[in-house]
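Subject: Structure handover, salt bridges

Hello,

Here is the structure for your files. My notes on its salt bridges follow below.

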Amino acid sequence: QVHLVESGGGLVQAGGSLRLSCAAVGSIFSIDTMAWYRQGSGDQRDLVANINSSGWSNYADSVKGRFTISRDNAKNTVYLQMNSLDPSDTAVYYCNAGVRPRGGSWGIYWGQGTQVTVSS
């Protein structure tokens, strides 16, 4: 079985930084695109950034220049470095990945979510 385990959320003042991590654990054959989504209170879940296995990344306009997504393929881990945080970035952040387990088929997996709160 495959799980995505997130860490790194918390409370930070506006202008501060946080780094989120998400590790894919289990019997894994391959991982394709990894991504971060976020969901504010009462809002839909929106894409923040994604990165493919070759390192090509894509960002939502609202975070360009402030957030950086990266991954360590040897550790099956994706990171989200968040700088210049604003109260509008407050949300639950979810990790997402396309994973092929050993002996299994490709599937989309989600982390449990980690709360990021930015105070003004």
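R38, R66 and D89 are joined in a network of salt bridges. The model is a predicted one. A search of the whole structure gives three salt bridges, and two of them are described next, followed by the pair D61 and K64.

R38 to D89: the side chains meet in a salt bridge, with an N to O distance of 2.9 Å. R38 sits in strand β4 (residues 28–39) and D89 in the loop between β8 (77–82) and β9 (91–101), so this contact ties together parts that are 51 residues apart in sequence.

R66 to D89: the closest N and O atoms of this salt bridge are 2.7 Å apart. This pair also links distant parts of the chain, with R66 in the loop between β6 (57–59) and β7 (67–72) and D89 in the loop between β8 and β9, 23 residues apart.

Are the residues of the network buried or exposed? R38 and D89 are both buried. The relative accessibility of D89 is 1%. R66 has 18% relative accessibility and therefore counts as buried too, because the cut-off for buried is under 20%.

D61 to K64: here the closest N and O atoms of the salt bridge are 3.1 Å apart. D61 has a relative accessibility of 65% and so counts as exposed, the cut-off being over 50%. K64, with a relative accessible area of 49%, is partly exposed.

Regards

Key: Residues are numbered from 1 along each chain as its sequence is written. This is a predicted model: local features need pLDDT of at least 70, side-chain atom pairs count only at pLDDT 80 or more; totals for chains, interfaces and linings use all residues. Side-chain values use heavy atoms; hydrogens and water are left out. A salt bridge is a side-chain nitrogen of Lys or Arg within 4 Å of a carboxyl oxygen of Asp or Glu. Helices (H or I, at least four residues) and strands (E, at least two) are DSSP runs, numbered from the N terminus. Buried means under 20% relative accessible area, exposed over 50%, partly exposed in between (1.4 Å probe, protein chains only).
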